[in-house]
Amino acid sequence: MVLQGRVIALWCLIAVGLPHVDLGSPPQATSGSQKRVECASLAGLQLSNVRITEAVAMAAPEKGPVTVAHCRVSGVIDKETRFTELLPDRWNERLFAGGGGGFVGSVQNQAVASVNVGYATVGTDTGHEADGLDARWAFGNRDRQINYGYLAIHRTAEIAKAIVKTYYGVDSRYAYFFGCSNGGRQALMEAQRFPADFDGVVSCAPALDFTNIAASFVRNTQAVYPDSSALRASAISPDNLRLLAPRRRRTCRGSSG
């Protein structure tokens, strides 16, 4: 769907876990067209209501989702919205922000692998620290509710763009957002409330109706665990696993996945 001629929201209706983002053939990343400042100098960057806590040049890791050399910048927006941005040495002049699942609660970036093909990328904890299934942080705290609901992604996008311009010396030509589940909800909130933040957003399996989602979780848990004292036990017994394994192999035989 096109919003104000600027933002395109794409829907992925089925997702299992965190989906792989196929970036296709990305714009060519370059190393000589940008005049970067020293990564460490970003530690002294002065932005309104932002405190930079880290600016470190990182060599290409030997393992993990990130495989290229980059500058890692972390900080806190306003009182407690934490973020981390990765700025690749070879940049394609684009920013790719990623969402977070569940109730977030730690800095998450569902588009972090985009840095490997030249995108600057950023993620946030949306303004609180907690387990991703724990929402007690929201009780009686309107600021945290608003940050989680919609504001943290917007503020993070603003700051990420400012850091990109300071580091590379130019604005990003385009900015994108990808999110799944709660991240998909974040994508749609951005498209609706702040359509100028991103040129395109991908909303995958968006978790929109929290009341019905929570009720379905309770219903499903009660069906699987009629005895609440067994909540910590596996829902599938070893005997059931042995029964399922050959059927799963027969069903999936010949598939590419």
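Colleague: Is Trp137 buried or exposed?
Modeller: This is a predicted model: local features need pLDDT (the predictor's confidence in each residue, from 0 to 100) of at least 70, and side-chain atom pairs count only at 80 or more, while totals for chains, interfaces and linings use all residues. Residues are numbered from 1 along each chain as its sequence is written, and side-chain values use heavy atoms, with hydrogens and water left out. Buried means under 20% relative accessible area, exposed over 50%, and partly exposed in between (1.4 Å probe, protein chains only). At 8% relative accessibility, Trp137 counts as buried.

Colleague: OK, how many aromatic pairs does a search of the whole structure find?
Modeller: Rings of Phe, Tyr and Trp (its six-membered ring) pair if their centres lie within 6.5 Å; planes under 30 degrees apart are stacked, over 60 edge-to-face, and the rest tilted. Searching the whole structure that way, the number of aromatic pairs is 13.

Colleague: Are Phe96 and Tyr119 stacked or edge-to-face?
Modeller: Their ring centres are 5.3 Å apart. The planes meet at 70 degrees, and the pair is edge-to-face.

Colleague: How many residues apart in sequence are the parts that this pair ties together?
Modeller: Helices (H or I, at least four residues) and strands (E, at least two) are DSSP runs, numbered from the N terminus. Phe96 lies in strand S6 (residues 94-98), and Tyr119 in the loop between S6 and strand S7 (120-124). So the pair joins parts whose separation in sequence is 23 residues.

Colleague: And what about Phe103 and Trp137, how many residues apart are the parts they tie together?
Modeller: Their ring centres are 6.4 Å apart with planes at 70 degrees, so this pair is edge-to-face. Phe103 lies in the loop between S6 and S7, and Trp137 in the loop between S7 and helix H1 (142-168), so the parts are separated in sequence by 34 residues.

Colleague: Which element gives the most to the largest nonpolar core?
Modeller: A nonpolar core is a set of buried Ala, Val, Leu, Ile, Met, Phe, Trp, Tyr and Cys residues joined through side-chain atoms within 4.5 Å. The largest has 31 residues, and those with the most contacts inside it include Leu42, Phe83 and Ile163. Elements that each supply at least two residues include S6, S7 and H1. With 8 residues, the element giving the most is H1.

Colleague: How many residues of H2 are buried?
Modeller: Helix H2 covers residues 182-193. Among its buried residues are Gly183, Arg185 and Leu188. H2 is largely enclosed by the rest of the structure, because of its 12 residues the number buried is 10.

Colleague: Which ring does the charged end of Arg185 sit over?
Modeller: A charge sits over a ring if NZ of Lys or CZ of Arg is within 6 Å of the ring centre and within 35 degrees of the ring normal. For Arg185, the charged end is 4.9 Å from the centre of the ring it sits over, that of Tyr148.

Colleague: What is the relative accessible area of Thr126?
Modeller: Thr126 lies in the loop between S7 and H1. Its phi is near 60 degrees, a positive value in a residue other than glycine. Thr126 is buried, and its relative accessible area is 1%.

Colleague: Last one: where is the pLDDT below 50?
Modeller: The chain's mean pLDDT is 87, and 85% of its residues reach 70 or more. Where pLDDT is low, the predicted coordinates should not be read in detail. The stretch with pLDDT below 50 is residues 1-22.

Terms used: The expected span of a helix is 1.5 Å times one less than its number of residues. Contact means heavy atoms within 4.5 Å.
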